[in-house]
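Me: I have a structure open and want to go through a few local features. Can you take short questions as I scroll?

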Amino acid sequence: MLTCVLQTQPQQPTIMESTRQAKIARLLQKELSEIFRQQTAKTHGTLVTVTAVRVSPDLSVARLSVFPSDKGAAMLESINASARTVRYELAQRVRFQLRKTPELTFMLDDSLDYIENIDHLLEK
């Protein structure tokens, strides 16, 4: 009688994204930037920049960092109100590249505020 026991080591969490995640993140960033450029009237005339996209390993959720921080709260509220429409338009654009369009989660990009704070602290 032959017995085979497979031992697997627990996988370490990876900091780096897979190649597929990176490609999808670039695709989503490009298409969403174009969608937001076309929808500047809906966002009260303010340009919205998609600065970063992080896609979950199972490709079901995408976290997007958007920038204008001067009207950040109102802008984020407006974007979240139209999130379903944005996701639908995104799905129409990427329907031949992706089977399922990921859920979109929007966050404000506060990197410039952080840089300004560091500069202010260094000047003291």
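Me: Which side chain meets Glu103 in a salt bridge?
Reply: Arg87 does, with an N to O distance of 3.0 Å. Keep in mind that this is a predicted model.

Me: Where do Glu103 and Arg87 lie?
Reply: Glu103 is in strand β3 (residues 103–108) and Arg87 is in helix α3 (residues 83–93), so the salt bridge ties together parts that are 16 residues apart in sequence.

Me: Are Glu103 and Arg87 buried or exposed?
Reply: Neither word fits. Glu103 has a relative accessibility of 43%, so Glu103 counts as partly exposed. Arg87 is partly exposed too, at 26%.

Me: How many salt bridges are there?
Reply: The count comes to 4 salt bridges.

Me: What does Arg37 pair with?
Reply: Arg37 forms a salt bridge with Glu34, and the closest N and O atoms are 2.5 Å apart.

Me: How are Arg37 and Glu34 placed along the helix?
Reply: Both are in helix α1 (residues 19–38), and because they are 3 residues apart there, about one helical turn separates them. Arg37 has a relative accessible area of 48%, which makes Arg37 partly exposed. Glu34 is partly exposed as well, with 26%.

Me: Which residues are linked in a network of salt bridges?
Reply: Lys30, Glu31 and Arg93 are. Within that network, the closest N and O atoms of Glu31 and Lys30 are 3.4 Å apart.

Me: Is Glu31 buried or exposed?
Reply: Glu31 counts as buried, because its relative accessibility is 12% and the cut-off for buried is under 20%.

Me: And Lys30, buried or exposed?
Reply: Lys30 counts as exposed, at 57% relative accessibility. That salt bridge therefore joins a buried residue, Glu31, to an exposed one, Lys30.

Me: Switching to the strands. How do β1 and β2 run?
Reply: β1 and β2 run antiparallel, and 6 bridges join them. As an example of the register, Val50 stands opposite Val66 in β2.

Me: In what sense do β2 and β3 pair?
Reply: In the parallel sense, over 6 bridges. One place to look is Arg63, whose bridge partner in β3 is Thr105. β3 is also the strand that holds Glu103 from the salt bridge with Arg87.

Me: Back to the hairpin. How many residues are between the strands of β1 and β2?
Reply: The hairpin has 5 residues between its strands. Leu59 is in that loop, between β1 (49–55) and β2 (61–67).

Me: What is phi of Leu59?
Reply: Phi of Leu59 is near 60°, which is a positive value in a residue other than glycine. As for its surroundings, Leu59 is partly exposed, with a relative accessible area of 24%.

Me: Last topic, the surface. Which residues form a nonpolar patch?
Reply: Leu112, Tyr114, Ile115, Ile118, Leu121 and Leu122 form a nonpolar patch on the surface. Together these residues have about 610 Å² of accessible area.

Me: Which helix holds Ile118?
Reply: Helix α4 (residues 111–123).

Me: What is the relative accessibility of Ile118?
Reply: It is 33%, so Ile118 counts as partly exposed. The patch takes residues with over 30% relative accessible area, and Ile118 is one of its members.

Note on methods:
Residues are numbered from 1 along each chain as its sequence is written. This is a predicted model: local features need pLDDT of at least 70, side-chain atom pairs count only at pLDDT 80 or more; totals for chains, interfaces and linings use all residues. Side-chain values use heavy atoms; hydrogens and water are left out. Helices (H or I, at least four residues) and strands (E, at least two) are DSSP runs, numbered from the N terminus. Buried means under 20% relative accessible area, exposed over 50%, partly exposed in between (1.4 Å probe, protein chains only). Patches are made of residues with over 30% relative accessible area and no salt bridge: like charges are joined within 9 Å, nonpolar side chains (Val, Leu, Ile, Met, Phe, Trp, Tyr) within 5 Å. Accessible areas come from the Shrake-Rupley method with a 1.4 Å probe; for residues, only the protein chains shown count as cover. Two strands pair if DSSP finds at least two bridges between them.
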